[in-house]
Amino acid sequence: MKNFSYARPSSIHQTIELAATSDAMILAGGTELLNWTRIGIVEPSKLVDITRVAGLEGIEQLPNGMVRIGALTKLNDVALHPLIRKSYPVLSTSILKAASAQIRNLATIGGNPLQRVRCPYFRADEPTPCNKRIPRSGCAALHGLNEKHAIFGWTEDCVAVQPSDPAAALAALDAVLVTQSKQGERRIPATTFHTLPSEDPTAHSVLQHGELISSIELGEAVPKSAYLKIRERESYEYATVSAAVALEMDGPVIRRARIALGSVAMRPWRLVETERRLAGLRSDSPEITLAVKAGFADAKPLSMNRYKIRLAQNTTVRAIEMAVQA
C-alpha cells in the first residue's frame, strides 16, 4: 500500500471537488476499499472520506409513494427499518443475507453495489491474466477455475459475476441510483448500473471518476417480494446463485413479476421472458416452472458451471413461491 493523502469534506459540493482530482477515491464504510488497497487492486493518491457529509443518510417516504434512501445509510439501518421490512422485504432480506452484523453496521447501501468481482484471478495476491485488473491481459477464468462464474452475458474477455446481494434486489425493484458530479445529477437504473463485458470488459459499473452516489430511490411498495440466496455455507459466504422476486398480485393471479438473478452475470440478470410469461398465471399454476425455464434460453455455461443453470432455475421457482406467501 502506497502513501496517500486524506480529506474529510462536510458537504456534497466539497466532495465533488475533491473526488474529481486525479487518482482520488471515495471512502464510505471502507469494507471493500481497504481490501482493494491491501491486495494492490487500487493505489489511490487521495482518499475522500464522506462519512461526515450532510444530507447523505436516512430513509424518507416521498409524497408520490416512492422511498428515498441516502447512500450513506448503513446496511443494517436499511434492512431493519419498519418501512423497508414491510414494503420491500426483498431488499431487507438481501441485506441481512449479505454479511455479518458487524459489517452491516459499517457498510453503506450506496457502497455495497460498488463491490468488485469475486473472481479469484482478479483478487489474487499476485496478478494473473485479468482484463479487469490489467486491461488486455486476458481472462484466466475462461479456461480455468470457473465453477462460480457467469452463465449469462459473458464474453471471452471476462466471465466474472457481480456479487452484491442488495444489487439484485434493487434491480428487481427497478430502483434508481441518483448520482452527483461536476457534470450535474444522473439517474441510473439499477438494472443497467453494472457493466457487461460486451460493453467494457475492464469496467465494473457505469459510475465515472469523481461521481458520487447520493441516494437510491425505490418505487411503490412491493410487499409480495422475496430474496433467496444459495451458497455453500449459511454464514459469511457469497452467493453461488440468488433470486430476487417482486410480484404484483390480483388475488391468486400474478399480475406482474420482476425477477433478478444474482451471481450469474456481471450485473443482476433480469429474466425478461419469464416475467412476460408469468403475467396472468395463477400462483399455483404448473406453468410457472416452464415460464422460469424459458428465461434461461440464453444461458451459456462454462466448462465447470453447467450445474448453475439448474440451480438458478430451482432457486427462481422457490423464490416465486416465497414471494407469493409473503
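**Entry 1: Asp23 and Asp174**

I began with Asp23, which at 45% relative accessibility counts as partly exposed, because that term covers the range between under 20% for buried and over 50% for exposed. I noted for myself that the model is a predicted one, and then looked up where the residue sits. Asp23 is in the loop between helix 1 and strand 2, and its phi is positive, about 65°, although Asp23 is not a glycine.

I then turned to Asp174, which is also not a glycine and has a positive phi of about 55°. I found Asp174 in the loop between helix 7 (165–172) and strand 6, and with 31% relative accessibility it counts as partly exposed.

**Entry 2: helix 1**

Next I went to helix 1, residues 12–19, and asked which of its residues are buried. They are Thr15, Ile16 and Ala19. When I looked down the axis of helix 1, these buried residues fell within an arc of 95°, so they line one face of the helix. I also looked up what they pack against, and found strand 2, strand 3 (46–49), strand 6 and strand 8.

**Entry 3: Thr179 and Ser214**

From there I followed strand 6, residues 176–181, in which Thr179 lies. Is Thr179 buried or exposed? Its relative accessible area is 0%, so Thr179 is buried. Leaving out residues up to four places away in sequence, I listed the contacts of Thr179, among them Gly184, Glu185, Arg186, Leu207, Ile213 and Ser214. I also checked one distance, and found that the C-alpha atoms of Thr179 and Ser94 are separated by 23 Å, with their positions 85 residues apart along the chain.

Ser214 itself belongs to strand 8, residues 212–218, and at 7% relative accessibility it counts as buried. With the same sequence neighbours left out, Ser214 touches Leu56, Gly70, Ala71, Val178, Thr179 and Gln180.

**Entry 4: Asp77**

I looked up Asp77 in helix 3, residues 75–79, and found that it counts as partly exposed, at 41% relative accessibility. Which residues does Asp77 touch, not counting those up to four places away in sequence? They are Glu57 and Ile59. Asp77 and Ile59 are 18 residues apart in sequence, and their C-alpha atoms are 8.9 Å apart in space.

**Entry 5: the nonpolar cores**

I kept in mind that, in soluble globular proteins, nonpolar side chains tend to be buried together. The largest nonpolar core here has 54 residues, and those with the most contacts inside it are Phe152, Leu261, Val264, Trp269, Leu278, Phe296 and Ile320. Among the elements that give two or more residues to this core are strand 2 (24–27), helix 2 (33–39), strand 10 (241–250), strand 11 (253–262) and helix 10 (307–325). Helix 10 supplies the largest share, 6 residues.

I then took Val264 from this core and listed what it touches beyond four places in sequence, which is Ala150, Ile151, Phe152, Val161, Val241, Trp269 and Lys308. There is also a second, separate core of 35 residues, which includes Val67, Ala71, Ala172 and Ile213.

**Entry 6: helix 9**

In helix 9 I found four names under the buried residues: Ile288, Ala291, Val292 and Ala294. Seen down the axis of helix 9, they fall within an arc of 160°, so they line one face of the helix. What covers them includes strand 11, helix 8 (272–278) and helix 10.

**Entry 7: cavities and a pocket**

Last, I looked for empty space, and the count came to 3 cavities of 30 Å³ or more. The largest cavity has a volume of about 100 Å³. Its lining is made of 18 residues, and those nearest its centre are Cys119, Cys130, Cys139, Cys158 and Val159. I sorted this lining into 13 nonpolar, 3 polar and 2 charged residues.

The second largest pocket has a volume of about 280 Å³. Of the 14 residues that line this pocket, Arg118, Cys119, Pro120, Lys148 and His149 are the closest to its centre. How does the lining of the second largest pocket divide into nonpolar, polar and charged residues? I noted 8 nonpolar, 2 polar and 4 charged.

Terms used:
Residues numbered from 1 in each chain as written. Predicted model: local features only at pLDDT ≥ 70, side-chain atom pairs only at ≥ 80, totals over all residues. Heavy atoms only, no water. Core = buried A, V, L, I, M, F, W, Y, C linked by side-chain atoms within 4.5 Å. Buried < 20%, exposed > 50% of the residue type's maximum accessible area, 1.4 Å probe, protein only. Contact = heavy atoms within 4.5 Å. Arc of directions from axis to C-beta. 1 Å grid on protein atoms, 1.4 Å probe; cavity = no way out; pocket = protein on both sides within 12 Å on 5 of 7 lines; lining within 4 Å. Points joined across faces, edges and corners; volume = space filled by probe spheres on them. Nonpolar A, V, L, I, M, F, W, Y, C, P; charged D, E, K, R; others polar.
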